[in-house]
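Subject: Structure handover

Hello,

Here is the structure for your files. Please open it next to this email and follow along.

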Amino acid sequence: MASAWPATGQRIGVRTDSCAVPLIAVVDDVRPPEQLHLREPVTAEGGSPPTVPLGTTLSLLWTSVAGQHVLPSRLVDRPRTRVPLWRIEPVGEMRVVQRRAFVRVPDTLEVELHRGDDAWVGRLADLSEGGARCAVPAVGALHEGDELHLHLNVDEEELHVPATVLAVTELESGRVSARLRFDPARREADLLRRRVLEQQRRARAAGLR
């Protein structure tokens, strides 16, 4: 369905079997169900990608409120335009990975939780595109099912993500662990995905994965 495809201007992930480096691209044009055009992908740090030959199979990944979409595709052309483009054709059925299957990575960003006039300041323990776990002081009543906003700074940008508390666990030293689920908007999801990819890259570089 056209509505299930990524939107023009959306940042999406690009993975290939021949390239171990995660790539990120901006959707330039969408023409379901036959093809779409991407601006030439770059690495998570903004660098040039390795050479990817025409005919290479790849996976396109993007996020919506339903979960992470994965579309098996193939690079079929590089149109001669002012901005370098990739023309992509699907080679299989799109699938949606539910949010509970999103990869969580350790993280320690400072966060704030806001619920009305109540606020908690703490740090992340882990992060994914669809949720997070953080430790905050056990001050005030934070309960399962609470609707609140998670505030954090990613790549020098302030994010304010609506969140639902899934569980609260008591920790030592007067703190609690709050497990959160959130449905970020497209811009927020892009930044969260970049953060998760960067944390994965750092962990691999440190020999932790």
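Start with one cross-strand pair: the bridge partner of Glu 112 in E13 is His 151. The model is predicted; local features need pLDDT of at least 70, side-chain atom pairs count only at pLDDT 80 or more, and totals for chains, interfaces and linings use all residues. Residues are numbered from 1 along each chain as its sequence is written, and side-chain values use heavy atoms, with hydrogens and water left out.

**Strands E10, E13 and E14**

Strand E10 covers residues 110-115 and runs antiparallel to E13, with four bridges joining them. Strands here (E, at least two residues) and helices (H or I, at least four) are DSSP runs, numbered from the N terminus. Two strands count as paired if DSSP finds at least two bridges between them. Val 111 sits opposite Leu 152 of E13.

Which residues of E13 are buried, and which are not? Leu 148, Leu 150, Leu 152 and Val 154 point to one face and are buried. Glu 147, His 149, His 151 and Asn 153 point to the other face and are not buried. Buried means under 20% relative accessible area, exposed means over 50%, and partly exposed is in between (1.4 Å probe, protein chains only).

E13 also pairs with strand E14 (residues 157-170), antiparallel, over eight bridges. There, His 151 stands opposite His 160.

**The E13-E14 turn**

E13 and E14 form a hairpin with two residues between them. Asp 155 lies in the loop between these strands. Its phi is near 50°, a positive value in a residue other than glycine. Glu 156 is in the loop between E13 and E14 too. Phi of Glu 156 is near 65°, again positive in a residue other than glycine.

Why is Asp 155 called partly exposed? Because its relative accessible area is 41%. Glu 156 has 76%, so this residue counts as exposed.

**The E10-E11 side**

E10 pairs with E11 as well, antiparallel, over six bridges. Leu 113 has Trp 120 of E11 as its bridge partner. This hairpin has two residues between the strands, and Gly 116 takes a positive phi near 60°.

Ser 128 belongs to E11, which spans residues 118-128. It is buried, because its relative accessible area is 2%. The Ser 128 side chain reaches the backbone nitrogen of Gly 130 at 3.1 Å. A polar contact is a pair of N or O atoms within 3.5 Å; within protein, one must be able to donate a hydrogen and the other to accept it, and residues adjacent in sequence count only if both atoms are side-chain atoms.

**Val 42**

Val 42 is in strand E4 (residues 42-43). At 29% relative accessibility, Val 42 is partly exposed. Its C-alpha lies 9.8 Å from that of Gly 13, and the two residues are 29 apart along the chain.

**The whole chain**

- There are one helix and 15 strands.
- Of the 209 residues, 43% are buried.
- Among contacts (heavy atoms within 4.5 Å) between residues at least 6 apart in sequence, 52% join residues at least 24 apart.
- Mean pLDDT, the predictor's confidence in each residue from 0 to 100, is 83 for the chain, and 87% of the residues score at least 70.
- Confidence is lowest in strand E8 (residues 95-97), with a mean of 78, and highest in strand E7 (residues 85-90), at 94.

Best wishes
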